[in-house]
Amino acid sequence: MKIRYADISFVSKWLLDELELEGKRNRMRMKFIKKLAVKYEEFKEYYQEILKESCNLDDERNPKITKDDNNRDVYDIIDMSKFQSEYDQLINETIYIEENEQNKEMLLTIQEAINNCPTPFKGDKAIDYENIASLFDDIYTD
């Protein structure tokens, strides 16, 4: 299964907020969300690396923080366009939840729960539902 770093929080929140599941289906959802949480921690580590490469550093070699025009704390980025390019590449990077035997029951259970969701959606929620469902469309089809 493919998912972008940029979508991890959205997918996790949607699965928790929009699907009423119990028993095994809930356990499989929570197992999947835990796997996404590991990937999100990985993303945060990569983000910190980009910050360290892109910012002036303080005495402890951490990205320096300064104030912007509105007196808000911001990172002291040396080259904003380079940083933005690196960040955009990172958030759009595709990560994978392996379609192996270990994950099969979890992924197929979530796919079934999404496909058979009894809640009707409209407007933005309908678009969100389609985006989530499409992530699971092609799993275990090879």
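Hi everyone, this is a short walk through the helices, the core and the aromatic rings of one structure. Please keep in mind that we are looking at a predicted model.

Let's begin with helix α5, residues 124–136. At 1.5 Å a residue, its 13 residues should span 18 Å, and the end C-alpha atoms are 19 Å apart, which agrees. Now, which residues of α5 are buried? They are Tyr129, Ile132, Ala133 and Phe136. These residues cover an arc of only 100° around the axis, so they sit on the same side of α5. If that spacing puzzles you, remember that an α-helix has 3.6 residues a turn, so residues three or four places apart point the same way. Look at the other side of α5, and you find Asp124 and Ile127 exposed.

So what covers the buried residues of α5? The cover includes α1 (8–18), α2 (23–54) and α4 (101–115). A nice residue to click on here is Ile114. Leaving aside residues up to four places away in sequence, Ile114 touches Tyr129, Ile132, Ala133 and Phe136, and also Trp14, Leu15 and Leu19.

That brings us to the core. The largest nonpolar core has 35 residues. Among those with the most contacts inside it are Trp14, Leu107, Ile114 and Phe136. Helices α1, α2, α3, α4 and α5 each give two or more residues to this core, and α2 gives the most, with 7 residues.

Next, the aromatic rings. The model has 11 aromatic pairs. Let's take one of them, Phe83 and Tyr87: the ring centres are 6.1 Å apart and the planes are at 15°, under the 30 degrees cut-off, so this pair is stacked. Both residues lie in helix α3 (residues 80–91), 4 residues apart, which is about one turn of the helix. Are these two buried or partly exposed? Phe83 is buried, with a relative accessible area of 7%, whereas Tyr87 counts as partly exposed, at 25% relative accessibility. The two also belong to a cluster: ring pairs link Phe83 and Tyr87 with Tyr5, Tyr40, Phe43, Tyr46 and Tyr47.

Last, a quick word on cysteines. How many disulfides does a search of the whole structure find? The search finds 0. Cys55 is buried, at 4% relative accessibility, and Cys117 is buried too, with a relative accessible area of 14%.

To recap for your notes: the buried residues of α5 lie on the same side of the helix, and ring pairs link Phe83 and Tyr87 into a cluster with other aromatic residues. Thanks for listening!

Notes. Residues numbered from 1 in each chain as written. Predicted model: local features only at pLDDT ≥ 70, side-chain atom pairs only at ≥ 80, totals over all residues. Heavy atoms only, no water. Phe/Tyr/Trp six-rings, centres within 6.5 Å; stacked < 30°, edge-to-face > 60°. Buried < 20%, exposed > 50% of the residue type's maximum accessible area, 1.4 Å probe, protein only. Expected span 1.5 Å × (residues − 1). Arc of directions from axis to C-beta. Contact = heavy atoms within 4.5 Å. Core = buried A, V, L, I, M, F, W, Y, C linked by side-chain atoms within 4.5 Å. Disulfide = S-S within 2.5 Å.
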